[in-house]
Amino acid sequence: VVCLLWPQLIEWDLQPTKRPLSCQKHYKNIIYAVPTFSNPSGRTMTLARRQQLTRLARKHDALVITDDVYDFLRWNSRSPPPPRLVDIDYMLDGGPISPFGNTVSNASFSKILGPGLRTGWAEATTRFIEGLSQCGSSVSGGAPSQFVASIIAETLQVGSLQSHIHNNLIPALQRRSRIALAAVREFLSPYGVTLESLSSANEKKAMVEGGYFLYLTLPTPLTARTVVSRAQGDGVVVASGDTFEVHGDEQSVPSTRGLRICFAWEDERLLAEGIRQLGEVVVQLLREHGAVDRLGKSPRACLSEF
Ligand SMILES: Cc1ncc(COP(=O)(O)O)c(C=O)c1O
């Protein structure tokens, strides 16, 4: 609302009535990122990139909001992911250049305790958090969803959330991701569908290391939208890559052939079946497009591509 009204206020020579409190700051720019086990790509930003981004934010008076909701869900890696940007800002080149810093980490209990809880937490410098706590929604009543927050606080105090992540969530995601990866190899890879995270330097090894998703690229001439709507008719729900594009900046990461599979929610027994049905949709559509050359490969011959 402020952004929309701002030009009008200048025209009318009026002053905005809301000024930042002394413990609040207006940044000139906002950068949003999901640096670890991203949605939808599953990718993780390197340490060097995180440092570059922090320096860039400092230079341009930007606040980097990192949506660190998947950080605890590392199910396939021996080494921890790089430090969060908020930790880097705390340490890099002698620490934050202002008491507010240039990064805030946002996280959510929806991904580690139960979907739909809509309760999370933020981490930043003390001054920033002090300012954040003075926002209307926090001042008026303490938290947007106090009842849920008080139950979650109890799970933290008794340690049941920590053990739930360790004993239930990570092993379940490990099993599900293995099932989903194997099914992608068997039912999709033979028809030219590639797994985004596998086409990096180490091609033989699955590079997906955490989070909820596998991100696939469909062969030309298929588009994700067509595959998604055809699959939905069969009861298989996957997401088209362009759902995640930034409006007005669609060309920066073209994703019309990107397809996101979420393996976190579906019953383990149905995961492989869903991906098998997706394979059938891909085959049908390739046939309809006359791209029969892609159908000649036998699944076994193509396994080596992974
Ligand atoms: C990166 C990211 N941030 C936030 C959310 C939403 O979290 P919440 O349910 O707490 O609003 C999602 C859910 O898909 C997500 O992928």
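**Ligand shell.** I began with the shell around the ligand, working in a predicted model, and I found that its residues divide into 4 nonpolar, 3 polar and 3 charged. I then wrote down which residues these are, and the list reads Y32, V34, N39, D67, V69, Y70, S108, S110, K111 and R118.

**Polar contacts of the ligand.** I looked next at side chains that bring an N or O atom to an oxygen atom of the ligand, and for N39 I noted a distance of 2.7 Å. For the side chain of S110 the corresponding distance to a ligand oxygen is 2.9 Å, and for the side chain of K111 I also read 2.9 Å. To see how far the ligand is enclosed, I checked its accessible area, which is 400 Å² for the ligand on its own, and of this the protein covers 73%.

**Largest pocket.** I turned to the largest pocket, for which I have a volume of about 1200 Å³. Its lining is made up of 34 residues, and those nearest the centre of the pocket are S38, N39, P40, S41 and V253. I asked myself which elements give two or more residues to this lining, and they turned out to be β1 (29–33), α2 (47–59) and β6 (213–217). Of the lining, the largest share comes from α2, which gives 4 residues. Sorting the lining by class, I recorded 15 nonpolar, 11 polar and 8 charged residues.

**Cis peptide bonds.** I went back to N39, whose side chain I had already met beside a ligand oxygen, and saw that a cis peptide bond joins N39 to P40, with omega about 15 degrees. P40 sits in the loop between β1 and α2, and P40 is also among the residues nearest the centre of the largest pocket. I noted another cis peptide bond between T220 and P221, where omega is about 5 degrees, and I placed P221 in the loop that runs between β6 and α8 (224–233).

**Positive phi.** Where does D93 lie in the chain? I found D93 in the loop between α3 (85–91) and β3 (103–108), and I marked this residue since its phi is positive, about 50 degrees, although D93 is not a glycine. A positive phi also turned up at G159, which follows α6 and has a value near 85 degrees.

**Helix α6.** Having reached the end of α6, I looked up the helix itself, which spans residues 146–158 and has 13 residues. From its first C-alpha to its last, α6 reaches 19 Å, close to the 18 Å expected at 1.5 Å a residue. I added a reminder for reading such a helix: an α-helix has 3.6 residues a turn, so residues three or four places apart point the same way.

Key: Residues are numbered from 1 along each chain as its sequence is written. This is a predicted model: local features need pLDDT of at least 70, side-chain atom pairs count only at pLDDT 80 or more; totals for chains, interfaces and linings use all residues. Side-chain values use heavy atoms; hydrogens and water are left out. On a 1 Å grid over the protein atoms alone, a cavity is a set of points where a 1.4 Å probe fits but cannot get out, and a pocket is an open set with protein on both sides within 12 Å along at least five of seven lines; lining residues have an atom within 4 Å of a point. Grid points are joined across faces, edges and corners, and a volume is the space filled by probe spheres set on the points. Ala, Val, Leu, Ile, Met, Phe, Trp, Tyr, Cys and Pro count as nonpolar, Asp, Glu, Lys and Arg as charged, and the others, Gly among them, as polar. A residue is near a molecule or strand if one of its heavy atoms lies within 4 Å of it. A polar contact is a pair of N or O atoms within 3.5 Å; within protein, one must be able to donate a hydrogen and the other to accept it, and residues adjacent in sequence count only if both atoms are side-chain atoms. Accessible areas come from the Shrake-Rupley method with a 1.4 Å probe; for residues, only the protein chains shown count as cover. The expected span of a helix is 1.5 Å times one less than its number of residues.
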